[in-house]
Amino acid sequence: MTDRQVIQTRLVLPGDTNAHNTLFGGKLLSYIDDVSAIAAVKYSQRIVVTASTNSVDFRHPIAANDSVTLTAFVSGVGTRSIEVFCRVMGETLTTGKTYLATTAFSTYVVVDGQATPLPSFTPVTAEEQLLFSGYPERRAARKARRDRNRAFISQLETAEEDRNR
């Protein structure tokens with residue numbers, strides 16, 4: 001474990017589940033954002049906000065009475081942004097069987113007003129190195145998606161203005 005890692009474990013209670021008696025996806029997204037934001041703040045020692053949840057891949061449902069362990073750590077750093085990877089493992093507590101439930105990439109932006117750049121990122125573990133090697137491609141894809149979304153929103157705003165005339 002590095003000082004950039006944050007690990008949280010929770011028990012999935014019946015109130016956390018959906019009609020399939022598995023962890024509600026929105027609840028898991030909240031957990032991912034919480035633990036990933038902590039990882040970004042620990043790394044940067046700055047105040048950050050969520051800029052985007054870049055990808056979430058739900059691979060395996062997490063049943064009621066299983067535990068869910070989230071491990072979040074930095075996977076790339078820009079000038080004012082921090083990408084965080086979160087691995088979500090489920091565990092059937094009565095058997096000890098663990099399984100990869102979800103993976104996610106999120107981006108956080110420093111908002112504390114300081115002009116100083118973020119510290120450079122040096123991956124340490126093999127997993128960090130693997131994720132860091134894909135950071136430039138993921139960053140470029142985020143920028144392209146953001147540009148497309150801005151153009152789309154502009155079109156929606158124009159259509160709304162036309163409708164209100």
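These legends go with several close-up views of a predicted model of one protein chain.

**View 1. The whole chain, for orientation, with three helices and five strands.**
Walk along the sequence and you pass through the pattern β-α-β-β-β-β-α-α. The C-alpha trace spans about 60 × 45 × 25 Å along its principal axes. Of the 165 residues in the chain, 39% are buried. Take the contacts with a separation of 6 or more, and 73% of them turn out to join residues 24 or more positions apart. As for the outside, the chain exposes about 9500 Å², and carbon and sulfur atoms supply 55% of that area. There are 19 positive and 17 negative charges, and the mean positions of the two sets are 4 Å apart.

**View 2. The largest nonpolar core, a set of 28 residues.**
If you want to find your way around this core, start with the residues that have the most contacts inside it: Leu28, Ile62, Val68, Leu70, Ile82, Cys86 and Val88. Helix H1 (25-44) supplies at least two residues of the core, and so does each of the strands S3 (67-77), S4 (81-92) and S5 (97-110). H1 gives the largest share, seven residues.

**View 3. Cys86 and the residues around it.**
Cys86 is one of the core residues with the most contacts inside the core. Leave aside its neighbours within four places in sequence, and Cys86 is still in contact with Ile32, Val35 and Ser36. The list goes on with Leu70, Thr71 and Ala72, then Thr102, Thr103 and Ala104.

**View 4. Ser106 in strand S5.**
Is this serine buried or exposed? Ser106 has a relative accessibility of 1%, so it counts as buried. Not counting residues up to four places away in sequence, Ser106 touches Ile32, and also Ser52, Thr53 and Asn54. Ile82, Glu83 and Val84 complete the set of residues that Ser106 touches.

**View 5. Thr53 in strand S2.**
Here is one of the partners of Ser106 from its own side. Thr53 is partly exposed, with a relative accessible area of 43%. Apart from residues up to four places away in sequence, Thr53 touches Phe105 and Ser106. For a sense of scale, look across to Arg163: the two residues are 110 apart along the chain, and their C-alpha atoms are separated by 32 Å.

**View 6. The ring pair of Phe121 and Phe132.**
How many aromatic pairs does the model hold? The count comes to four. In the pair shown here, the ring centres of Phe121 and Phe132 are 5.3 Å apart and the planes meet at 55°, so the pair is tilted. Phe121 sits in the loop between S5 and H2 while Phe132 is in helix H2, so the pair ties together parts that are eleven residues apart in sequence. Phe121 is buried, at 9% relative accessibility, whereas Phe132 is partly exposed, at 31%. Add Tyr43 and you have a cluster, with ring pairs linking Tyr43, Phe121 and Phe132.

**View 7. Gln129 in helix H2 (residues 126-133).**
This glutamine shares its helix with Phe132 from the previous view. Its relative accessible area is 42%, so Gln129 falls in the partly exposed group. Once its neighbours within four places in sequence are left out, Gln129 is in contact with Pro123 and Val124. Phe85 makes a handy landmark: Gln129 and Phe85 are 44 residues apart in sequence, and 12 Å apart in space from C-alpha to C-alpha.

**View 8. Two loop residues, Gln45 and Asn65.**
Both belong here for their backbone angles. Gln45 is not a glycine, yet its phi is positive, about 55°. Look for Gln45 in the loop between H1 and strand S2 (48-58). With a relative accessibility of 71%, Gln45 counts as exposed. Asn65 also has a positive phi, near 75°, and is a residue other than glycine. Asn65 is found in the loop between S2 and S3.

Notes. Residues are numbered from 1 along each chain as its sequence is written. This is a predicted model: local features need pLDDT of at least 70, side-chain atom pairs count only at pLDDT 80 or more; totals for chains, interfaces and linings use all residues. Side-chain values use heavy atoms; hydrogens and water are left out. Helices (H or I, at least four residues) and strands (E, at least two) are DSSP runs, numbered from the N terminus. Buried means under 20% relative accessible area, exposed over 50%, partly exposed in between (1.4 Å probe, protein chains only). Contact means heavy atoms within 4.5 Å. Accessible areas come from the Shrake-Rupley method with a 1.4 Å probe; for residues, only the protein chains shown count as cover. Lys and Arg count as positive and Asp and Glu as negative; His and the chain ends are not counted. The place of a charge is taken as NZ of Lys, CZ of Arg, CG of Asp or CD of Glu. A nonpolar core is a set of buried Ala, Val, Leu, Ile, Met, Phe, Trp, Tyr and Cys residues joined through side-chain atoms within 4.5 Å. Rings of Phe, Tyr and Trp (its six-membered ring) pair if their centres lie within 6.5 Å; planes under 30 degrees apart count as stacked, over 60 as edge-to-face and the rest as tilted.
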